Every structure is written in structure tokens, then in C-alpha cells.
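The following paragraphs explain how the strands, rings and nonpolar residues of one protein model are arranged. Please keep the sequence and the structure in view while reading.

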Amino acid sequence: QVQLVESGGGLVQAGGSLRLSCTTSGRTFSSYGMGWFRQAPGKEREFVAAISRNAATVYYTDSVKGRFTISRDNAKNMVYLQMNSLKPEDTAVYYCAAAKSWGTREIMNRLVTYNYWGQGTQVTVSS
């Protein structure tokens, strides 16, 4: 069992930055592909970014490319999401997720690919 806990959310003005962190339990963190998803009020949960086990491969949804950066530190069992140039449409609850498998972008952007989820952290971007 892997437990995930997100932190770093908050209220920020448009154009600002936030860094989300996800800490994980267990000694097998480096064996999981990791992802970030988000869910805005009244909308479905959507893919944001994913990173492979050794951080060699990353994927982003088009709307965050060039603004968000996913990274991981396997020694610390941590995954991060650096969010710059935030927009009001980035407002959502952000979730960290862990996947036992790794594949193409089309696989890693699916909710069902992920085996474990955190409880989420709220990000609110004011205009």
C-alpha cells in the first residue's frame, strides 16, 4: 500500500507561482510512475502531468506546457509540480497519483492507470 499526501496549495493571484509537493510512504517509490491530476468544481478530474520512474520521461497536458514542471526526488520519496504563470482556469483541487505501470502519454493521462491517489490540495488563482 502506498499513501500519498499533497501539500503546497493555496490562493495566488494570476501570474503567480506555486509549488505542489507530494510525499509518499513505502520503500518502493522509485518503482512507480507518478502523475498530477486536477479537478475543478463541476468538472471531471483531468490529467496535468506525469513523470517516469527515473524522471527520464515527462508528459504534460497541452494547457500547462511551458508553465508547469513536474519533477521527482526518489531519495526523498517526493514528487513536485512547479506551477508558474498561473491562470484563473488553473483553479482546482490537485491530486498526486502513483502508477505501477508506465507507458505512452495516452496511457499515463488516464485515471484508471493509477493505483494510488492522495487526498488533494486546493489551488485557487484569483484574477
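Strand E3 (residues 18–24) and strand E8 (residues 78–83) run antiparallel and are joined by six bridges. Strands here are DSSP runs of type E with at least two residues, numbered from the N terminus, and two strands pair if DSSP finds at least two bridges between them. One bridge of this pair sets Cys 22 against its partner in E8, Val 79. The model is a predicted one, in which local features need pLDDT of at least 70 and side-chain atom pairs count only at pLDDT 80 or more, while totals for chains, interfaces and linings use all residues. Residues are numbered from 1 along each chain as its sequence is written, and side-chain values use heavy atoms, with hydrogens and water left out.

E3 and E8 belong to an open sheet of four strands, ordered E1-E3-E8-E7, with antiparallel pairing. Strand E1 (4–7) and strand E7 (68–73) each have a single partner strand, so at these edges one side of each is left without a neighbour in the sheet. From one strand to the next, the twist averages 15° (axes are lines fitted to C-alpha atoms, and angles run from 0 to 180 degrees between N-to-C directions).

Val 79 also leads into the interior. The largest nonpolar core has 29 residues, and those touching the most other members are Met 34, Trp 36, Val 79, Leu 81, Met 83 and Tyr 94. Such a core is a set of buried Ala, Val, Leu, Ile, Met, Phe, Trp, Tyr and Cys residues joined through side-chain atoms within 4.5 Å, where buried means under 20% relative accessible area with a 1.4 Å probe, protein chains only. E9 gives this core its largest share, four residues. Beyond four places in sequence, the contacts of Val 79 (heavy atoms within 4.5 Å) include Leu 20, Cys 22, Phe 29, Ile 51, Ile 70 and Cys 96. Another core, of eight residues, lies apart, with Phe 47, Tyr 59, Ala 97 and Met 108 among them.

Aromatic rings form further links. Six aromatic pairs are found in the whole structure; rings of Phe, Tyr and Trp (its six-membered ring) pair if their centres lie within 6.5 Å, and planes under 30 degrees apart count as stacked, over 60 as edge-to-face and the rest as tilted. Tyr 32 and Tyr 116 are edge-to-face, 6.0 Å centre to centre with 75° between the planes. These two residues are 84 residues apart in the chain. Tyr 32 is buried at 10% relative accessible area, and Tyr 116 is buried at 13%.

Note on methods: Buried means under 20% relative accessible area, exposed over 50%, partly exposed in between (1.4 Å probe, protein chains only).
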